[in-house]
Each structure stands twice: as structure tokens, then as C-alpha cells.
Amino acid sequence: MNAFYDALETRTPDEREAALMAALPAQIANAQSRSKAFAEILAGVDAASVNSREALARLPVTRKYELLERQQQHRDSDPLGGFSTLAFGAQMPRVFASPGTIYEPEGTRKDYWRMARAMYAAGFRPGELIHNSFSYHFVPAGSMMETGAHALGCTVFPGGTGQTEQQVQAMAELRPAGYIGTPSFLKIIIEKAGEQGVQLASVTKALVSGEAFPPSLRDWMSERGVAGYQCYATADLGLIAYETQAREGLVLDEGVIVEIVRPGTGDPIPEGEVGELVITTLNADYPLIRFGTGDLSAVLPGQCPTGRTNTRIKGWMGRADQTTKVRGMFVHPGQVAAVTKRFPQITKARLVVSGEMANDQMKLVVETTETAPGFAGLVADALREVTKLRGEIKMVMPGTLPNDGKVIEDARSYK
């Protein structure tokens, strides 16, 4: 049987990049003409000229909180804030709600969230029964997985969440080939089955998401006969990346353009550095352009040993929103970026907030080879101008700061 879901997974990197960049101008034009929100956000942009990553990087990043704010501002006229190109009715069979509250549309296209690819990589095949324990109410997770399973040619048992004993009974009697849901809930189900003396021998594979899947839990499942694989997806974008049998990072989905930028900015960073994942989707129904996920990750060098040729990322590595309050004032990564952009001599910076409660101290650590007298004073002046707070400047050699994506480090003691 074919080791790959389709031929897209084994394209040469040049072929893939050419196809993505060829599709990009049309998606920009689609967003401008059919999405009221992006008509404003991308006003004045020549869609035809956005045909490279360099051109894409010049467009503004729209972050999740901005999407929420726009939806809240337009609740009376358009609950989706002008981002969706679809209207309620036959074009949009479902609309979901995520914490915030943020509303997300689901269109009618087969495998709308592009989840089938991740399921195939996790070992699921046409003709199998899948036990889906993602939520079917409010959030799109249950539907995301179900529509992907249907596209793959699988039958789904909509288990949803909770009712552990009934989940065990359904698995024992229906004998699904595998499980889809959070890893922690699968562990609970397996443990409950063990308490009841029920065998779940048919469940030999799992696709998990929604929370951390540490190697210890993966090994625990493997010892009980379940090969678990993880994927990274969001309610806004659908599938972004998925794990393969190589278990070396996550391979990017074929339907998204992924950038990794310095937190607080829209500036792409060198391969291997940790930064915020910014995604441009090719979904014409919900054309999110340079959507800031707020999640941190980094590109892994080389290609997947399975033969899939798309870029790999390390997976979820924390949150990019490191906004903190210093002496009663909010300081966010964008302000740190605004300071460093004034000085080409600075290659990287981190704001360290230390001290005890009510006695905050702020230090901007900058990587630079600049030795001119007075340079630190100029940076300190800029820091005060941007943040309205005084801070110490510490200059270090390039490569000194950790590669962990942190722009603001809260090192205060709260004892």
C-alpha cells in the first residue's frame, strides 16, 4: 500500500514552492475582494506582486487578538468580523465557537480542515472505523477529524468527551481500528478498560492533538499496543503539521504557507531559530493571510526520513505572547522590536524583568559587536521612549542569548 497520502508529499521543494507562490496572488486577490476584513487590512496591496516569500513578508501580520477584536466590533452586522467569504446557509453548514469568543466557519469542501493527511500518516486507512473523542459541541475539533476521516474513506464513531465507561463499552463492542482525540483522554480510557478487565485489542493506533504528547506518554501507549502520533492544528487554520513514523518533528501540511517570525514582529528569522508561527492559508472560504498563531516553533534541517519532502518543524514550543506588566505598565514584544529596529548594530535582544514584587528592574540584553562609546546610552534612551520605563542596557556578543524564542523574560520572584 502507498506510503504517502498523495503525490504532493513527495514533490521536490522547488516544485512545492513554485506551486505555493503561484497560488498566493490569487488568494490575496480573493481575500481583498471577498473578505471585508482583508479588504481593509490589505488595502493598496497589489495582489499580483505578492508572488514570493519576500513580498509576503511585507504584508501585515493579523494576530488572533486582532481577529477577536474585529469580530467583537462587528457582532451586530457580521459575527465573523468580515473574515469569512461565506454567508450563513448552504455554503456554511456549520459555524463553531472557540474561547474568546471567536467564531469560525466551516465550508462544504471535502476534507475542509485537511486532516486526512495527518490520519494517513498515523496509519489510518480506508475502510476502517475510527473512534473520535474530540468535542462535537462549540469547538470544531470533532468535525475537523470527522470530515478528514470521511475524506479518507473511514467510518466514524462520534464518541465526544466524557462518559468513560460508555467509551470503553463502545470500543469493546464496535472494535475500532484506532482512536482520535486528546492523549490524556485515551490514557483514561485505557486505564478504565484495565480496571474493568475489558480488552481493547482492536485499538492499535491513535492520532492525538490538543495538548502535549510527551515521549513518556507515547511510550506508555506503545507498551499497551497503541502507536500514537500527534498533529498540530488550530480552529482557525485546520491542519498545520503532522507527525510521521520517523518521529522526527512535524511535517508541514501541503495547503499552508508557513513563516516563522520574531515574536512581536512580522520579520522572518533564520532557519533553526525559535519564533512565532505565522500561517497563510489557501482556503478561499476563510482566507487568513499572515495569521499569527501565537505559538512558538522552529524549522528542523533536512527532510523527513519517510521520504516526505516538505519542511519540518519541531512542534509546539510555547507561546509567543510574552506581554508582561512592569511598574504598572504593560510591555510587549512589539515594543522590544521597535527599539532594536532603530539600531542595525543589534542582531537580537531580550528584555529581562527581575526583582521582587513592587520592585521591578528592567534590563535589555542586546547582541551586538558595537563598541562605540555612548551606544548603550542611545539604546537606553530609545527603550525609555518606547516603553515609558527606564531600563539598563547590557551588550553581549552575537550567539549569547538562548535560542528559545523569548523576547521578554519574566525573572521576578513572587514568593
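Helices (H or I, at least four residues) and strands (E, at least two) are DSSP runs, numbered from the N terminus, and these labels serve as signposts throughout the tour. The model is a predicted one, in which local features need pLDDT of at least 70 and side-chain atom pairs count only at pLDDT 80 or more, while totals for chains, interfaces and linings use all residues. Residues are numbered from 1 along each chain as its sequence is written, and side-chain values use heavy atoms, with hydrogens and water left out.

**Backbone stops**

Begin by selecting Arg175, which is found in the loop between α7 (164-174) and β6 (178-181). Although Arg175 is not a glycine, its phi is positive, at about 55°. With a relative accessible area of 58%, Arg175 is exposed; here buried means under 20% relative accessible area, exposed over 50%, and partly exposed in between (1.4 Å probe, protein chains only).

Select next Gly100 and Thr101, which are joined by a cis peptide bond with omega of about 0°. Thr101 belongs to the loop between β2 (94-98) and β3.

Then move to Arg290, in the loop between β12 and β13, where another residue that is not a glycine has a positive phi, of about 50°. Arg290 counts as buried, at 0% relative accessibility.

**Salt bridges**

Keep Arg290 selected and add Glu259, since the two form a salt bridge whose closest N and O atoms are 2.9 Å apart; a salt bridge is a side-chain nitrogen of Lys or Arg within 4 Å of a carboxyl oxygen of Asp or Glu. This pair links distant parts of the chain, with Glu259 in strand β11 (residues 256-261) and Arg290 in the loop between β12 and β13, 31 residues apart. Glu259 is also buried, its relative accessibility being 6%.

Turn now to Arg109 and Asp285, whose side chains meet in a salt bridge at 3.6 Å, N to O. Here again distant parts of the chain are linked, as Arg109 sits in the loop between β3 (102-106) and α5 (116-121) and Asp285 in the loop between β12 (275-281) and β13 (291-297), 176 residues apart. Arg109 is partly exposed at 37% relative accessibility, whereas Asp285 is buried, with a relative accessible area of 13%.

For a pair within one helix, select Lys187 and Glu191, whose side chains meet in a salt bridge at 2.6 Å, N to O. Both residues lie in helix α8 (residues 183-196), 4 residues apart, which is about one turn of the helix. Lys187 is partly exposed, with a relative accessible area of 26%, and Glu191 is likewise partly exposed, at 34%.

To see a network of salt bridges, select Asp6, Glu9, Arg114, Arg117, Asp253 and Arg308 together. The structure holds 29 salt bridges.

**Nonpolar cores**

Finish with the nonpolar cores, each a set of buried Ala, Val, Leu, Ile, Met, Phe, Trp, Tyr and Cys residues joined through side-chain atoms within 4.5 Å. The largest has 65 residues, and the members that touch the most others are Met115, Met119 and Leu207. Helix α6 (residues 141-152) gives the most to this core, with 6 residues.

Centre the view on Met119, which touches residues including Phe124, Ile130, Met145, Leu152, Ile180 and Leu207, when residues up to four places away in sequence are not counted; contact means heavy atoms within 4.5 Å. Apart from the largest core lies another, of 22 residues, and its members include Val326, Ala349, Val379 and Ile393.
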